Amino acid sequence: MISPVNISPPLETVHLTSVHPNELDLRRIMRMLQKRKRYRYVTVCITPTNNGYLIQSPCCSRSIAPDGHLIDIGLIEYDEASTTWKLFSMDHTHKKWCLNHRSETLKPLLEYLNADPSKSFWQ
């Protein structure tokens with residue numbers, strides 16, 4: 001079964017003109033997230049942001065959101081100055097983004113997010 005991933009707003013209504021975010025990377029992220037190890041049966045929402053992509057998911061464990069609403073899972077940003085991708089996880093207690101991983105290419109970053117070895121994304 002393929003894990004559901006949505007783009008918000010729908011890709012048909014998104015007009016991406018900058019280097020990041022862009023439609024190619026958005027589709028790559030969408031395909032990679034279908035291979036995630038944890039919370040495979042919840043619909044993930046990807047939203048283009050300034051220089052990156054916000055990933056959200058319903059909180060099935062109810063550990064962060066007792067009502068199960070969408071929570072921030074990760075934030076992927078491209079840093080032009082260092083030409084690296086940065087992956088942030090949300091510290092839900094302090095409500096702030098924390099740098100979790102960085103890579104020169106997007107694929108290893110997404111593999112790390114999918115594996116979630118520290119269980120800091122899919123909580």
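Here is a quick look at one cavity and two exposed loop residues in a predicted model.

Being a predicted model, it has local features taken only at pLDDT of at least 70 and side-chain atom pairs at pLDDT 80 or more, while totals for chains, interfaces and linings use all residues. Numbering runs from 1 along each chain as its sequence is written, and side-chain values use heavy atoms, with hydrogens and water left out.

Let's start inside. A cavity here is a set of points, on a 1 Å grid over the protein atoms alone, where a 1.4 Å probe fits but cannot get out; its volume is the space filled by probe spheres set on the points, which are joined across faces, edges and corners. The count is one cavity of 30 Å³ or more, and the largest has a volume of about 40 Å³. Ten residues line it (an atom within 4 Å of a point), with Y39, S57, P58, I73 and Q123 closest to its centre. β3 (52-58) and β4 (70-79) each give two or more residues to that lining; strands are DSSP E runs of at least two residues, helices H or I runs of at least four, numbered from the N terminus.

Now for the loops. Both residues below are exposed, meaning over 50% relative accessible area with a 1.4 Å probe, protein chains only.

| Residue | Loop between | Relative accessible area |
|---|---|---|
| Y41 | α1 (23-33) and β2 (44-49) | 56% |
| H94 | β5 (84-91) and β6 (96-103) | 57% |

Y41 and V5 sit 36 residues apart in sequence and 9.8 Å apart in space, C-alpha to C-alpha. As for H94, its side chain makes a 2.9 Å polar contact with that of D91 (N or O atoms within 3.5 Å, one able to donate a hydrogen and the other to accept it; residues adjacent in sequence count only if both atoms are side-chain atoms).

Key:
1 Å grid on protein atoms, 1.4 Å probe; cavity = no way out; pocket = protein on both sides within 12 Å on 5 of 7 lines; lining within 4 Å. Buried < 20%, exposed > 50% of the residue type's maximum accessible area, 1.4 Å probe, protein only.
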